[in-house]
Amino acid sequence: MPSPKAKNPNRSGGSPVLGGTGGRCDFMPLTKPLNRPSPQSHLLQRQGSDPTTARLRASESPTRRRGSSSSTGSASGQGLSDEDGIRLNPTFLGVALSSLLAVDLWLSKRMGVCACEDSSWGSVRPLMKLIEISGHGVPWLAGTAYCLYKSDTVAGQEVMLNLLIGLLLDLVLVAMVKGVVRRPRPTYNRMDMFATVSVDRYSFPSGHATRAAMCGRFLLAHLVLAAPLRVLVLLWTGLVGLSRVLLGRHNVTDVMFGFWMGYCQYNLVEMLWLSPQTLLGQLT
Ligand SMILES: CC(C)=CCC/C(C)=C/CC/C(C)=C/COP(=O)(O)O
């Protein structure tokens, strides 16, 4: 049976959505774009899972009061905000995602113990910033370019050239995802990072985490390293990711996704691998 909203004569269309109030099949207006939920709507989600309660709380919020002239009653249909559209029809995936994000924000804030000098672990901040620089794009690009220039074996040049390609690919892919997702950095982050570009005001995914994961895999696969050094590479990768959250630069999910993305980027580098044979084949 359709929900009371379906009785609204102003509605021009709707689609059934499973998981509506009380497990019924509710209708969601097709004419209204479903924007990403605002931070406020996450708050609403956390304050009460009951959609009716959430709607009532939304009508008490200052933003709703300010714009109350256009939203005098949800029954009119015109007064429904995008938030209402989403909150009245919470899908399982929506609730799961909102819960994950709420846990992510809470955990990240608790872990941001080096976010500034006055933080509880503020004295460790300089060490965390050193780890940050060790995973920054500039030293990696400059170091790889230098090794490529200095390398006097074809094998060495091949490895360095492909690492350079991987690093550039990483910058482009991370910039694209950051530009699309546009998740702001945590509010408690101090934007005092060395050499950033415009998309670096966004947080998802962590560019340091993608680079650490990709370079870590690259080093383990292409350098002949003794066991302690292999452990050190793994440790460094983990520390770069952890330092992003401790410094308050990122939320945990930014780093987790960054690790996964960097891991996949390495597969891409392997797929696109440029060998002297490939290069010579291209030239002849
Ligand atoms: C050649 C060229 C375009 C170099 C750009 C290198 C550069 C400025 C990379 C940015 C590195 C950076 C600050 C990434 C942000 O990392 P998150 O972990 O904070 O996302």
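A polar contact is a pair of N or O atoms within 3.5 Å; within protein, one of the two must be able to donate a hydrogen and the other to accept it. With that in hand, welcome to a set of close-up views of a predicted model.

**View 1. The whole chain, to get your bearings.**
Before zooming in, take a moment with the protein chain, whose secondary structure comes to 12 helices and two strands. Reading along the sequence, you meet the pattern β-β-α-α-α-α-α-α-α-α-α-α-α-α. The protein chain has 284 residues, and 38% of them count as buried. It exposes about 16100 Å², with carbon and sulfur atoms supplying 68% of that area. Among contacts between residues at least 6 apart in sequence, 66% join residues at least 24 apart.

**View 2. The stretches annotated in UniProt.**
An unreviewed UniProt entry places the annotation "domain: Phosphatidic acid phosphatase type 2/haloperoxidase" on residues 158–270. In the model this span is 70% helix and 0% strand, and its end C-alpha atoms lie 12 Å apart. UniProt, again in an unreviewed entry, also lists residues 159–181 and 218–237 under "transmembrane region". Residues 159–181 are 100% helix and 0% strand, with end C-alpha atoms 32 Å apart. For residues 218–237 the figures are 80% helix and 0% strand, and the end C-alpha atoms there lie 12 Å apart.

**View 3. Arg183 and its partners.**
Here we move into the loop between α8 and α9, where Arg183 lies. Is Arg183 buried or exposed? Arg183 counts as buried because its relative accessibility is 15%, and the cut-off for buried is under 20%. The side chain of Arg183 makes a polar contact with the side chain of Thr253 at 2.9 Å. A second polar contact, at 2.8 Å, links the side chain of Arg183 to the side chain of Asp254. Leaving aside neighbours within four places in sequence, Arg183 is in contact with several further residues, including Leu101, Asp104 and Leu105, as well as Tyr202, Ser203, Phe204 and Asn251.

**View 4. Asp200, another buried residue of the loop.**
Asp200 is also found in the loop between α8 and α9. At 17% relative accessibility, Asp200 counts as buried, since the limit for that word is under 20%. Which residues does Asp200 touch, leaving aside its neighbours within four places in sequence? They are Lys178, Arg185 and Met191. Keep Lys178 and Arg185 in mind for the ligand view, where both are listed among the residues that come nearest to the ligand.

**View 5. Backbone features of the loop.**
Three residues of this loop invite a look at the backbone itself. Arg182, found in the loop between α8 and α9, has a phi near 55 degrees, a positive value in a residue other than glycine. Ala195 sits in the loop between α8 and α9 as well, and its phi is near 45 degrees, again positive in a residue that is not glycine. How much of Ala195 is accessible? Its relative accessible area is 44%, so Ala195 counts as partly exposed, a class that runs between 20% and 50%. Further along, Phe204 and Pro205 are joined by a cis peptide bond, with omega about 0 degrees. Pro205 has its place in the loop between α8 (154–181) and α9 (207–222).

**View 6. The ligand and the residues around it.**
There are 17 residues around the ligand, and those that come nearest are Lys178, Arg185, Gly207, His208 and Arg244. A polar side-chain atom of Ser206 lies 3.0 Å from an oxygen atom of the ligand. For His208, a polar side-chain atom lies 2.9 Å from a ligand oxygen atom. Arg244 likewise places a polar side-chain atom 2.7 Å from an oxygen atom of the ligand. Taken alone the ligand exposes 560 Å², and the protein buries 77% of that area.

**View 7. What the shell around the ligand is made of.**
This last view keeps the ligand in the frame and turns to its surroundings. Which helices each supply at least two residues of the shell? They are α7 (137–150), α8 and α9. Of the elements in the shell, α9 gives the most, with three residues. Sorted by class, the shell has six nonpolar, six polar and five charged residues.

Definitions and conventions:
Residues are numbered from 1 along each chain as its sequence is written. Side-chain values use heavy atoms; hydrogens and water are left out. Helices (H or I, at least four residues) and strands (E, at least two) are DSSP runs, numbered from the N terminus. Buried means under 20% relative accessible area, exposed over 50%, partly exposed in between (1.4 Å probe, protein chains only). UniProt positions are given in the numbering used here, feature names are shortened, and annotations may be inferred rather than shown by experiment. A residue is near a molecule or strand if one of its heavy atoms lies within 4 Å of it. Accessible areas come from the Shrake-Rupley method with a 1.4 Å probe; for residues, only the protein chains shown count as cover. Ala, Val, Leu, Ile, Met, Phe, Trp, Tyr, Cys and Pro count as nonpolar, Asp, Glu, Lys and Arg as charged, and the others, Gly among them, as polar. Contact means heavy atoms within 4.5 Å.
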